Structures are given as C-alpha cells and as structure tokens.
Amino acid sequence: MVKQTIQIFARVKPTVRKQPQGIYSIDEDEKLTPSLEIILPRDLADGFVNNKRENYRFKFQRIFDQDANQETIFESIAKPVAERWGEVLPKDRMLVMPEAEG
C-alpha cells in the first residue's frame, strides 16, 4: 500500500458580482509552504466596537488562483491520485477514468 501524507490544496474561485469582493493575497515563496491570506475588513459604519480578526492566513501544498481551469486542477490533483490507485489495485481489476474535456 502507498503511504503518503495528506495534501491540502486551495482553489480561489471568482465571486458572484452582487456579493462584496473579498481581499486576498497568495504568498508562494519557494522556501516556504504557499499561504493564502484572506482579509475581512471591519465594518466601522455600524458604530459598534468590533474586535474580530481581520486577517486569516492558511497554508496549503499548492494554491490555484482564479485563472486556474479544470484541466490544470485535474492534472495537478486528480490524475496523480488515480495513477497511484492503479498501482495499488489488484491486477485483475481495471480502473476506468473519464478523459478530461476542455
């Protein structure tokens, strides 16, 4: 059996235009694990004290920005997993994978 650590990926999808746009930044320093920072500004117009955090930072093995298409996601995540399953499955079983359509 193949032993490997769990990998965690993030994909930033475009928001619907009617929703307020979030502020985010992707830090992909080659020496460090890529991180995604999400900034949620406090709403000062309410007149209430808001002590909630504004910045949230998460680390991932890889981060796909809004311009990443399905083929890129498949080639980077799903295809390697399916190929590893092909190595693990008994030889009398067949793994069927649909081809990615662009």
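Two strands count as paired if DSSP finds at least two bridges between them. With that in hand, here's a quick tour of this predicted model. E3 and E4 clear that bar with 5 bridges, running antiparallel to each other. Overall, the protein has 1 helix and 5 strands, laid out along the sequence as β-β-β-β-β-α.

**The overall picture**

- The protein has 102 residues, and 12% of them count as buried.
- Its accessible surface comes to about 9,200 Å², with carbon and sulfur atoms making up 53% of that.
- If you look at contacts with a separation of 6 or more, 46% of them join residues 24 or more positions apart.

**The sheet**

- Three strands make an open sheet, ordered E2-E3-E4, with antiparallel pairing.
- Strand E2 (23-27) and E4 are the edge strands, each pairing on one side only.
- On average, neighbouring strands in this sheet are turned by 15 degrees against each other, ignoring direction.
- As a reminder of what holds such things together, strands of a sheet pair through backbone hydrogen bonds, either parallel or antiparallel.
- E2 and E3 pair in the antiparallel sense, over 5 bridges.
- For a landmark on that E2-E3 pairing, find Ile23, whose bridge partner in E3 is Ile39.
- On the E3-E4 pairing, look for Leu36, which stands opposite Phe58 in E4.

**Ser35, on strand E3**

- Ser35 sits in strand E3 and is buried, because its relative accessibility is 4% and the cut-off is under 20%.
- Setting aside neighbours within four places in sequence, Ser35 is in contact with Ser25, Ile26 and Asp27, and also with Arg57, Phe58, Lys59 and Ile63.

**The nonpolar core**

- In soluble globular proteins, nonpolar side chains tend to be buried together.
- Here the largest nonpolar core has 5 residues: Ala10, Val12, Leu36, Phe60 and Ile63.
- Leu36 is worth a second look, as this core member is also the residue opposite Phe58 in E4.
- Ile63 turns up twice as well, once in the core and once among the contacts of Ser35.
- What does Val12 touch, not counting residues up to four places away in sequence? The answer is Tyr24, Ile26, Leu36, Phe64, Asp65 and Gln66.

**Salt bridges**

- The structure holds 2 salt bridges.
- One of them joins the side chains of Glu37 and Arg57, at 3.1 Å from N to O.
- Glu37 is in strand E3 (residues 35-39) and Arg57 in strand E4 (residues 55-59), so this pair ties together parts that are 20 residues apart in sequence.
- How do the two partners sit with respect to solvent? Glu37 counts as buried at 16% relative accessibility, whereas Arg57 is partly exposed, with a relative accessible area of 47%.
- Arg57 is also one of the residues in contact with Ser35.
- The side chains of Glu75 and Lys79 meet in a salt bridge too, at 3.5 Å from N to O.
- That pair belongs to helix H1 (residues 70-88), where Glu75 and Lys79 are 4 residues apart, so about one helical turn separates them.
- Glu75 counts as partly exposed at 38% relative accessibility, and Lys79 counts as partly exposed at 28%.

**Helix H1 and the loop before it**

- Ile73 has its place in helix H1 and is buried, with a relative accessible area of 15%.
- Leaving out neighbours within four places in sequence, the contacts of Ile73 are Arg11, Phe64, Ala68 and Ala78.
- Phe64 also appears among the residues that Val12 touches.
- Ile73 and Phe9 are 64 residues apart in sequence, and their C-alpha atoms are 9.7 Å apart in space.
- Where is Asp67 found? You'll see Asp67 in the loop between strand E5 (62-64) and H1.
- Is Asp67 buried or exposed? At 69% relative accessibility, Asp67 counts as exposed.
- Asp67 and Val12 are 55 residues apart in sequence, with 8.7 Å between their C-alpha atoms.

Notes:
Residues are numbered from 1 along each chain as its sequence is written. This is a predicted model: local features need pLDDT of at least 70, side-chain atom pairs count only at pLDDT 80 or more; totals for chains, interfaces and linings use all residues. Side-chain values use heavy atoms; hydrogens and water are left out. A nonpolar core is a set of buried Ala, Val, Leu, Ile, Met, Phe, Trp, Tyr and Cys residues joined through side-chain atoms within 4.5 Å. Buried means under 20% relative accessible area, exposed over 50%, partly exposed in between (1.4 Å probe, protein chains only). Contact means heavy atoms within 4.5 Å. A salt bridge is a side-chain nitrogen of Lys or Arg within 4 Å of a carboxyl oxygen of Asp or Glu. Helices (H or I, at least four residues) and strands (E, at least two) are DSSP runs, numbered from the N terminus. Axes are lines fitted to C-alpha atoms, for helices over the stretch in contact, and angles run from 0 to 180 degrees between N-to-C directions. Accessible areas come from the Shrake-Rupley method with a 1.4 Å probe; for residues, only the protein chains shown count as cover.
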